Amino acid sequence: MRSFLRPPALIAAALTLALSGCGFSGTQTQAGQAAATADTNQRIVVDNFRAPVANWALESDAAYILSLSGCLETLTSYDQAAGKVIPMLATEWKQSSPVDWDFSIRQGVSFQDGTALTAESVAAALNHVLDAKVPARAFNRTMISNVTAVDGQTVRVSTPAENPLVPYRLASVNTGILAPAAYKDGAVDPFGHCTGPFTPVSEKAKQSLTLDRNEHYWGGDVQLAGAEVRFITNGATRAAQVQTGEADISLSIPVSSLSTLKSAPDVTVLGADSPRTATLYMNNGRAPLDNVDVRKAIRDSLDLDALAASVYEGAALPATGPFAPSEPWAGEKSEEQKQDLDEARKLLASAGYTADRPLEIIAIVERAEFADVAAVIQENLKNIGIPVTIQSKEYAAAEPDVLAGNYDMLLSQRNRLIDIADPIGFLTADYTCAGTYNLSHFCDPEYDRTITEAAKTVDTGRRYELYAKAGKILKEQAVNAWLVNEQATDAARTNVLSYVQDPLSRYVLTAKTAKSGS
Amino acid sequence: MIPFIAKRTATLVAAVAVSSFAVFLIPYFTPGDPVRKIIRSRVAGDAVDNGSVQALGESLGLHDPLAVQYFRWLGDVLSGDMGLSYVSRTAVAGQVLPALTVTLSLVTMALGIAVAVSLPLGIIAGLRPGSAPDKTITAVTQALIAMPEYWVAPVLVLVFALKLSVLPSAGWTDLSSAVLPALTLALRPISYFTSAVRAGIIDAAAADHVPAARARGLSHAQSVLRHVIPNGLVPLSTLFAVWFAGLLGGSVIVEVIFAVPGMGRLLFDAVINSDIPVAQGGVVVVVALAVGVTTLADFVHRLLSPAVGGSLA
């Protein structure tokens, strides 16, 4: 591909990097052409990395597609840049009792079928999600007991126990609100039933969703005439389409395509910390990894800079702990984990580890790069006298043994914000003694107390402090070796205006998203 | 004629029964819980709630004995109902038929290209075996076998979509979007078809009736046109059918790279996601079509081939 690059491509790439701030950190905005004006007759094409599989059931990941398409809206939304929940279809909310949250529904909003958004329609939509056979992670009967319309303007969400995170849960795309007519015969029909800036008008199964501008959008004038969201599961194809101009925005660009796109004319590459950290999970419940010194020795032996530069080709940053540094709950800025082989050998000797107990790393095959990551780790550990074998397995094949504690180390990664824009679910499931997804088999009473307190803390700042404290415990105990913070990378044509990258791809097309005519 | 059809119908029934049962067993004989796979296909993420696993397994009848599940499905299929997808809860037929239409179009185009290219090449090579054109054609077409689709496809995208900007890089919208996937799929059949046509022509040219025809006063060109080429093409009908059948469900790499919503992708996703009804429904249709096409090819071959004397017994 490089052979086709021309000098202007390199200049464009340099400008692109300058515009995009060069490095990766928080959310990035498509700077576009400062002087360019939006042409409201333009349509836009977005290449998305997944296709809807569950017939638009909102409890499934299909909700992400409806949300990024600018169709589906929720009561609240999450402002990535500000790190807080902000109003959307609800204008305000308050905790009316320890187990009740009241949301005031925005007035003057109509669904795309012309019916009015009311407290009753909101309650009905939310109850439909609650009653799903496979419930949504963010919003189900384990944490929500009931949703009722208190009056024409107020919806009450009740919880079994005090839950300060209800507004976060209602920012989850799975809690999107559709008109009552969307729910019939046990299925969900989003066509003409959303409230967002774009109305879905047609779907080509497994290929694309076409949307037109919602002329009556409550949030102001929509800057595009319409959009096509394509479902392109192959990353290289998404990259090629934004390069050729067939797509205006391509989401989730693979590492292997980055250098080409950064050099491509008329393409801007946007990067932000994703809530995913590639992690070497260690079985804290089985010897020799039940010894904290062995775990610390493993951590100290790793050369994360080399790992990020080689396997990830610089498209990921060395991890400093369980959180990405830009996350508001990451706490004080941590220093990068530096390789210290002498210290690692000392720790290993003090733990009494001998090489007659080799360790095994399971590298899940769903992430192709983990085979190379495992090889680098194998070499790093060899340097301190730990012989390592590598097993490549499908995650589904590894899971039973990992959950049962019959393993040494596992290379994997988790989305910390998979359910809501707050890490409580991840920190609870993955690291508390009773955690349902505690792959590390870690158990620490102080950690559990911290998480229990955080789960009840309404004040966001205080809650984040508690998350930072929990993260510190995990780090001090070297529960796992956190390797690199993965980056969410999107690419957009330079004539796309006002595109704000969302690392979780919930919000892509908004009323403000625009294209210049050129 | 009747024994031939009866024999082939029995083959069809046996093939459908065996393949559908094999597909049915895949999720149970590969590691991991099928219900968890179904849930993960709906909601990306690793942590799956045990309560959801239990409830979904119950509601889909996946806790019943395997034989009960299989014969329940078989009974439904025999009554014309392929059931609902475990993942989307929509009718399997509604997923299989559109995908089949796409794949039939793609495969027909690919094999059409392959025939159009390999016929002249095979005839030229077969009429002058050992000549420079024969050696060149053989070398080039043999090289095509060694080019994997996952390599050919990006190269074609690079040239025709990125460099020349004359064809779309992916999608399934109009004829132009089918060109690159069809071309990618056509390369290996071109190689096999050319080789088969060449061999057929050489055999036909060596047959006794060709000198006899020349002795009756036919010119070389006339004997080639009337006796060598028609007989030399007979093996192609069988090979065409085999490739047609194989590509119906076997074009998954091309379908993924070019975002083509065909049968290969449908079956691949269904197996990965433990969506047993879709996998079974798809396999039944593909196997039935494959057996049908190869039967038709056998029929044609037997009618045309002097070696089997036009027998259909």
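How many helices and how many strands make up the secondary structure of chain B? In this predicted model, the count for chain B comes to 14 helices and zero strands. Read from one end of the sequence to the other, the pattern is therefore a plain run of helices, α-α-α-α-α-α-α-α-α-α-α-α-α-α. Along the principal axes, the C-alpha atoms of chain B fill a box of roughly 85 × 55 × 30 Å. Chain B has 313 residues, of which 42% count as buried. Among its contacts with a separation of 6 or more, 71% come from residues 24 or more positions apart.

Chain B is split into two parts, domain 1 (2–78) and domain 2 (95–312). The centres of domain 1 and domain 2 of chain B, taken over C-alpha atoms, stand 32 Å apart. Where the two meet, domain 1 of chain B contributes 18 residues and domain 2 of chain B contributes 15 residues. On the domain 1 side of this contact, α1 (2–29), α2 and α4 (66–78) of chain B each supply at least two residues. The greatest contribution to that side is from α1(B), with 12 residues. By class, the domain 1 side is made up of 12 nonpolar, four polar and two charged residues.

A further contact joins the two chains, with 37 residues from chain B and 36 residues from chain A. On the chain B side, at least two residues come from each of α2 (34–42), α3 (50–59), α7 (149–163) and α12 (252–257). Of the elements of chain B, α7(B) gives the most to this side, with six residues. The residues of chain B that touch chain A comprise 21 nonpolar, 10 polar and six charged.

The interior can be described through its largest nonpolar core, which has 231 residues. Within this core, the residues with the most contacts are L411(A), L483(A) and V484(A). The largest share, 13 residues, nevertheless comes from a helix of chain B, α8 (residues 175–205). Both domain 1 (2–78) and domain 2 (95–312) of chain B provide at least three residues each to this core. Leaving aside residues up to four places away in sequence, L411(A) touches L280(A), I361(A), I362(A), A363(A), I364(A), F370(A), V373(A) and A374(A).

Chain A, unlike the helical pattern just described for chain B, offers strands to look at, beginning with a hairpin formed by β2(A) and β3(A). Strand β2 (residues 76–79) and strand β3 (residues 84–87) of chain A pair in the antiparallel sense, with four bridges. One of the facing positions is Y78(A), which stands opposite V85(A) in β3(A). Four residues lie between the two strands, and in this turn G83(A) has a positive phi of about 70°.

An open sheet of four strands is also found in chain A, in the order β4-β5-β7-β6 and with antiparallel pairing. Its edges are β4 (90–97) and β6 (146–151) of chain A, each of which pairs on one side only. Neighbouring strands of the sheet are turned by 25° against each other on average, direction ignored. Within the sheet, strand β5 (residues 100–105) and strand β7 (residues 154–158) of chain A run antiparallel and are joined by five bridges. In β7(A), S158(A) is the bridge partner of D100(A). Helix α3 (residues 119–130) of chain A packs on this sheet, where it touches β5, β6 and β7 of chain A. The direction of α3 of chain A makes about 175° with that of β6(A).

Some backbone details of chain A deserve a closer look. Most residues other than glycine have a negative phi, and most peptide bonds are trans. A cis peptide bond, with omega about 0°, joins A287(A) and P288(A). P288(A) is placed in the loop between β14 (267–282) and α7 (292–301) of chain A.

Two residues that are not glycine have a positive phi: K206(A), near 65°, and A478(A), about 45°. K206(A) is found in the loop between β10 (198–204) and β11 (208–213) of chain A. Is K206(A) buried or exposed? K206(A) has 23 C-beta neighbours inside 10 Å, so it counts as buried. A478(A) also occupies a loop, between α14 (460–476) and β19 (480–493) of chain A. A478(A) counts as buried because it has 21 C-beta neighbours inside 10 Å, where 20 or more are needed.

Terms used. Residues numbered from 1 in each chain as written. Chains lettered and ligands numbered in written order. Predicted model: local features only at pLDDT ≥ 70, side-chain atom pairs only at ≥ 80, totals over all residues. Contact = placed C-beta atoms within 7 Å. Nonpolar A, V, L, I, M, F, W, Y, C, P; charged D, E, K, R; others polar. Core = buried A, V, L, I, M, F, W, Y, C linked by C-beta atoms within 7 Å. Buried ≥ 20, exposed ≤ 12 C-beta atoms within 10 Å, placed from the backbone. Domains from an automatic or database assignment. Pairing = 2+ DSSP bridges. Axes fitted to C-alpha atoms, helices over the stretch in contact; angles between N-to-C directions.
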